[in-house]
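Work through the exercises below with the sequence and the coordinates side by side, and attempt each task before reading its solution.

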Amino acid sequence: MEDLEEMRRIWNAVVESADAFPQEEVLSMESAEKFFESQSFTGVAESDGRIVGLYILHPNNIGRCGHLANASYAVDADVRGCRVGEALVRHSLREGRQLGFRVLQFNAVVKSNVPALALYRKLGFSELGSVPGGFRRKDGSFEDIVLFYHLL
């Protein structure tokens, strides 16, 4: 993976911000390679020859629910608001369908992540509801999470 360092940098920045991803541990180069390779699909967005965002796509569950996909998106802070996230989500919907998934489900969109909430609604995701206090912030406080799905 020639873009691994940039992918890792963008991913880790979101993890370290502690306001969107449930992960608490950043990826080393070794763990990043294993992590991204273990996904059903890992996609990147490129602009002017540099990686500006990425996403991972994988089953959300196993067995009889293995047709449900889940995805996570990370966009470089320098290009947020430039529709990179939208391009990644649109691509993941197409890729998920091509991989045979029937539904893309998001388990934990943090309620204060207003841009993500607006994007998912714009792209036709259906809101399932929320889980009170489902996300633990870096300071130890809790925030609601919103669940979404999109038929593929």
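**Exercise 1. Place Gly-85 in its element and find which residues it contacts beyond its sequence neighbours.**

Solution. The model is a predicted one, and the first step is to assign the residue to an element: Gly-85 belongs to helix H3. Next, setting aside the neighbours within four places in sequence, one finds Gly-85 in contact with Val-75 and Leu-119. As a last step, compare sequence and space for one further pair: Ala-45 and Gly-85 are 40 residues apart along the chain, while their C-alpha atoms are 8.8 Å apart.

**Exercise 2. Determine how helices H1 and H2 are oriented to each other, and which residues make their contact.**

Solution. Begin with the axes: those of H1 (residues 4-17) and H2 (residues 29-37) come within 10 Å and cross at roughly 90 degrees. Since angles from 65 to 115 degrees count as roughly perpendicular, H1 and H2 are therefore roughly perpendicular to each other. On the H1 side the contact is made by Leu-4, Glu-5, Met-7, Arg-8 and Trp-11, and on the H2 side by Met-29, Ala-32, Glu-33, Phe-35 and Phe-36. Sorted by class, this contact of H1 with H2 comprises seven nonpolar and three charged residues, with no polar ones.

**Exercise 3. Examine the pair Arg-8 and Glu-5: what interaction do they form, and how are they spaced along the helix?**

Solution. The closest N and O atoms of Arg-8 and Glu-5 are 3.3 Å apart, and the pair forms a salt bridge, the cut-off for which is 4 Å. Because Arg-8 and Glu-5 are three residues apart in helix H1, about one helical turn separates them. The structure holds 11 salt bridges.

**Exercise 4. Describe the largest pocket and the second largest pocket by volume, lining and residue class.**

Solution. Start with the largest pocket, whose volume is about 880 Å³. Its lining consists of 34 residues, and those nearest the centre are Ala-20, Tyr-73, Asn-113, Ala-116 and Tyr-120. At least two lining residues come from each of H1, strand E3 (68-75), helix H3 (84-98), strand E4 (103-110) and helix H4 (114-122). By class, the lining of the largest pocket divides into 21 nonpolar, eight polar and five charged residues.

Then turn to the second largest pocket, which has a volume of about 160 Å³. The residues lining the second largest pocket are Ala-18, Phe-21, Pro-22, Gln-23, Glu-24, Phe-135, Arg-136, Arg-137 and Lys-138, and by class they are four nonpolar, one polar and four charged.

**Exercise 5. Locate Leu-152 and list the residues it touches.**

Solution. Leu-152 lies in the segment after strand E6 (142-151). Not counting residues up to four places away in sequence, Leu-152 touches Leu-93, Gly-96, Arg-97, Phe-101, Arg-102, Val-103 and Leu-104. Finally, Glu-95 and Leu-152 are 57 residues apart in sequence, with a C-alpha to C-alpha distance of 9.6 Å.

Note on methods
Residues are numbered from 1 along each chain as its sequence is written. This is a predicted model: local features need pLDDT of at least 70, side-chain atom pairs count only at pLDDT 80 or more; totals for chains, interfaces and linings use all residues. Side-chain values use heavy atoms; hydrogens and water are left out. Axes are lines fitted to C-alpha atoms, for helices over the stretch in contact, and angles run from 0 to 180 degrees between N-to-C directions. Helices (H or I, at least four residues) and strands (E, at least two) are DSSP runs, numbered from the N terminus. Angles under 35 degrees count as roughly parallel, over 145 as roughly antiparallel, 65 to 115 as roughly perpendicular and the rest as oblique. Contact means heavy atoms within 4.5 Å. Ala, Val, Leu, Ile, Met, Phe, Trp, Tyr, Cys and Pro count as nonpolar, Asp, Glu, Lys and Arg as charged, and the others, Gly among them, as polar. On a 1 Å grid over the protein atoms alone, a cavity is a set of points where a 1.4 Å probe fits but cannot get out, and a pocket is an open set with protein on both sides within 12 Å along at least five of seven lines; lining residues have an atom within 4 Å of a point. Grid points are joined across faces, edges and corners, and a volume is the space filled by probe spheres set on the points. A salt bridge is a side-chain nitrogen of Lys or Arg within 4 Å of a carboxyl oxygen of Asp or Glu.
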